[in-house]
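Subject: Structure handover and notes

Hello,

Here is the structure we spoke about, for you to take over. Please look through it before reading my notes.

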Amino acid sequence: MSSEPELQKRALRAELRERRRNLSSLEREKATAGFTENLESLVTELSARSISCYLSGTNEPNVRPFLEWAERSGIRVLFPITRDDGLLDWTVGEGRSETSSVYGVPEAVGELLGPIAINDVDLILVPAAAIDASGMRLGWGRGYFDKTLGSMERCPPVYAIVFDGEFLDEVPREIHDQPVNGVVTPTRIIDF
């Protein structure tokens, strides 16, 4: 039986997915330029030399131009790899090749470094469906990032990446949900 917050999350995710699908190519281009600029600013401001970030899929905020900048700037990037046990492995993705996870999400291909590799980064950038004004993150429902963040002994700053319309007053929450330290949109960086 589904709980009330779970049902609210499901409905909100469906609405946000539809909104993302309906963005025009011009809106996407403008958003990508804004994301790239703001992510570069954040990494520079935090003097981050090692980060973790996901590979963006079709309807997600496009972080690929930012990742190219990070590589050119000599910043080490760890990419998440989904595991059957609900945890994430990490790779630096040698050779720039990628594959699709069982969920159809793009994943880098490379040597697996294990779940604790994330402990050494200066900044964690996570996908999200929405973020609320208190820093609570609504993910896409699989719990990988909540488990990862909840298991870390000392967590570096965690920033979610969402479109402007996905920064909301409030999102439904459950006990296992993990908040973030900030959010990056195409127009701003917000710290909590």
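The notes below go from the sheet to the first helix, then to the salt bridges and a few single residues. Please keep in mind that this is a predicted model.

The sheet

Seven strands make up an open sheet, and their order across it is E3-E2-E1-E6-E9-E11-E12. The pairing is mixed. At the two edges are E3 (88-91) and E12 (189-191), each of which pairs on one side only. On average, neighbouring strands of this sheet are turned by 25 degrees against each other, direction ignored.

At the E12 edge, the partner strand is E11 (residues 182-184), and the two run antiparallel, joined by 3 bridges. Within this pair, valine 184 of E11 stands opposite isoleucine 189 of E12.

Helix H1

H1 covers residues 4-21, 18 residues in total. From first C-alpha to last, H1 reaches 26 Å, close to the 26 Å expected at 1.5 Å a residue.

Which residues of H1 are buried? They are Lys9, Leu12, Arg13, Leu16 and Arg20. These residues lie on the same side of H1, because the arc they cover around the axis is only 110 degrees. The elements that cover them include helix H2 (25-45) and the strands E7 (130-132), E8 (137-138), E9 (158-161) and E10 (167-168). Strand E9 is thus listed both in the cover of H1 and in the order of the sheet.

Note that the buried list of H1 includes charged-type names such as Lys9 and Arg13; Lys9 comes up again below.

Salt bridges

There are 11 salt bridges in the structure. I went through three of them.

The first pairs arginine 10 with glutamate 6, with 3.0 Å from N to O. Both residues belong to H1 and are 4 residues apart, about one turn of the helix. Arginine 10 has a relative accessible area of 45% and is partly exposed. Glutamate 6, at 30%, also counts as partly exposed.

The second is between glutamate 174 and lysine 9, whose closest N and O atoms are 2.9 Å apart. Lysine 9 sits in H1 and glutamate 174 in the loop between E10 and E11, so this pair ties together parts that are 165 residues apart in sequence. How accessible is lysine 9? Its relative accessibility is 3%, so lysine 9 counts as buried, the cut-off being under 20%. Glutamate 174, at 22%, counts as partly exposed. A network of salt bridges links Lys9, Glu174 and Asp177.

The third joins aspartate 85 to arginine 83, with the closest N and O atoms 2.4 Å apart. Aspartate 85 is partly exposed at 45% relative accessibility, and arginine 83 is partly exposed with a relative accessible area of 24%.

Single residues

Aspartate 146 is part of helix H4 (residues 144-151). With a relative accessibility of 10%, aspartate 146 counts as buried. Leaving aside residues up to four places away in sequence, aspartate 146 touches Arg137, His176, Asp177 and Gln178. Asp177 is one of these contacts, and Asp177 also belongs to the salt-bridge network with Lys9 and Glu174.

Glycine 135 is in the loop between E7 and E8. Is glycine 135 buried or exposed? Glycine 135 counts as buried, because its relative accessibility is 0%. Its contacts, again without residues up to four places away in sequence, are Pro179, Val180 and Phe192. The C-alpha atom of glycine 135 is separated by 19 Å from that of tyrosine 54, which is 81 residues away along the chain.

Serine 47 belongs to the loop between H2 and strand E1 (50-52). The phi angle of serine 47 is near 50 degrees, a positive value in a residue other than glycine. At 53% relative accessibility, serine 47 counts as exposed, since the cut-off is over 50%.

Where to look

If time is short, I would begin with the network of Lys9, Glu174 and Asp177, then view serine 47 for its positive phi.

Regards

Technical notes
Residues are numbered from 1 along each chain as its sequence is written. This is a predicted model: local features need pLDDT of at least 70, side-chain atom pairs count only at pLDDT 80 or more; totals for chains, interfaces and linings use all residues. Side-chain values use heavy atoms; hydrogens and water are left out. Two strands pair if DSSP finds at least two bridges between them. Axes are lines fitted to C-alpha atoms, for helices over the stretch in contact, and angles run from 0 to 180 degrees between N-to-C directions. The expected span of a helix is 1.5 Å times one less than its number of residues. Buried means under 20% relative accessible area, exposed over 50%, partly exposed in between (1.4 Å probe, protein chains only). The arc is that of the directions from the helix axis to the C-beta atoms. Contact means heavy atoms within 4.5 Å. A salt bridge is a side-chain nitrogen of Lys or Arg within 4 Å of a carboxyl oxygen of Asp or Glu.
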